[in-house]
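Work through the exercises below with the model open. Try each task before reading its solution.

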Amino acid sequence: MERVTGDHSESNCQRNPVFGGAGATEGGIPWASAAAWRETQRSLKRTVAASLADLGAAATLAERIMHRYDLAGDLFDELTDVTCGACPRPCCLDAKVWLDFKDLLLIHLSGQEAPPGQLRRDWWGRCRYLTSNGCALPRGVRPWVCTWYICPDQRRAIARGLPGAPVRLARWWPQITSWRDRMEHAFMLAVYRPSGSQRRPTSRWSSCGSLSCR
Ligand code: SF4
Ligand code: SF4
């Protein structure tokens with residue numbers, strides 16, 4: 001079976017695009033300040049609206065990912081019911097994670113509202129969306145890593161009694177990862193090279209550090 005889990009600590013995108021002006025990245029956390037976050041959401045929203053006609057491929061991939069999230073959500077509801085309630089040390093207390101560029105793309109391309117801020121402003125605090133009842137964010141606007149992380153207790157629960165889950169996870173996880181890559185690629189192609197025109201770098205996006213737009 002393919003590996004379906006991972007370690008929160010090594011999970012974030014290592015090539016976050018840097019845009020939104022000075023201060024967009026703080027200590028490696030993208031858009032950590034309220035101003036950089038607001039500017040980034042505004043910019044993405046405008047870009048998606050302006051390029052809508054060229055974003056069909058990216059939007060279709062976003063739709064597929066959201067559909068898989070729905071299916072995975074049912075599985076995870078079952079899993080959390082039997083594991084997280086009694087957890088002595090919830091992983092979200094220690095997870096150093098944040099929304100990366102693909103997470104934001106998915107949110108905007110699927111017509112969702114971005115959360116009011118990045119998960120954390122620095123390395124020391126906790127995720128701002130962790131509540132006494134668990135995560136306050138719907139799955140579709142959480143970082144992908146928050147969904148794909150499956151802790152050892154959950155792996156044991158899967159092995160013990162969720163028939164079909166290992167097969168589904170082994171199939172879905174690489175699929176979603178690949179669709180996210182392709183979604184970003186399709187987005188960059190559409191924004192930089194809309195149909196029927198010359199390559200169109202904009203100042204907003206030209207500072208993107210993503211490999212797929214180099
Ligand atoms: S996913 Fe695992 S570590 Fe995280 S809260 Fe649930 S049981 Fe605890
Ligand atoms: S967004 Fe939700 S799932 Fe992810 S670290 Fe924060 S509280 Fe946990």
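Two residues are in contact if their C-beta atoms, placed from the backbone, lie within 7 Å. This is a predicted model: local features need pLDDT of at least 70, side-chain atom pairs count only at pLDDT 80 or more, and totals for chains, interfaces and linings use all residues. Residues are numbered from 1 along each chain as its sequence is written, while chains are lettered from A and ligands numbered from 1 in the order in which they are written.

**Exercise 1. Lay out the fold.**

Task: State how many helices and strands the chain has, and their pattern.

Solution. Begin with the elements: helices (H or I, at least four residues) and strands (E, at least two) are DSSP runs, numbered from the N terminus. The count is 6 helices and 4 strands. Along the sequence they run β-β-α-α-α-β-β-α-α-α. Next, take the contacts between residues at least 6 apart in sequence: 75% of them join residues at least 24 apart.

**Exercise 2. Place helix H3.**

Task: Decide whether H3 is mostly covered or exposed, and find what covers it.

Solution. Apply the burial cut-offs: a residue is buried with 20 or more other C-beta atoms within 10 Å of its own, exposed with 12 or fewer, and partly exposed in between. In the chain, buried residues make up 30% of the 214 residues. H3 spans residues 101-109, and 9 of its 9 residues are buried. Lys-102, Asp-103 and His-108 are among them. The cover includes helices H1 (34-50), H2 (56-83), H4 (144-148) and H6 (165-192). Just after H3, Gly-111 has a positive phi of about 75 degrees.

**Exercise 3. Trace the largest nonpolar core.**

Task: Name the residues that touch the most other members, and the helix with the largest share.

Solution. A nonpolar core is a set of buried Ala, Val, Leu, Ile, Met, Phe, Trp, Tyr and Cys residues joined through C-beta atoms within 7 Å. The largest has 41 residues, and Ala-58, Ala-62, Leu-109, Met-183 and Phe-187 touch the most other members. H1, H2, H3, H4 and H6 each supply at least two residues. H6 gives the largest share, 11 residues. Now follow Ala-58: leaving out residues up to four places away in sequence, Ala-58 touches Leu-109, Met-183, Ala-186, Phe-187 and Ala-190.

**Exercise 4. Classify the ligand shells.**

Task: Divide the residues around ligand 1 and ligand 2 by class.

Solution. A residue is near a molecule if its C-beta atom, placed from the backbone, lies within 6 Å of it. Ala, Val, Leu, Ile, Met, Phe, Trp, Tyr, Cys and Pro count as nonpolar, Asp, Glu, Lys and Arg as charged, and the others, Gly among them, as polar.

- Ligand 1: the residues around it include Cys-84, Cys-87, Cys-91 and Cys-151. The shell divides into 5 nonpolar, 2 polar and 1 charged.
- Ligand 2: the residues around it include Cys-92, Cys-127, Cys-135, Arg-142 and Cys-146. The shell has 11 nonpolar, no polar and 1 charged residues.
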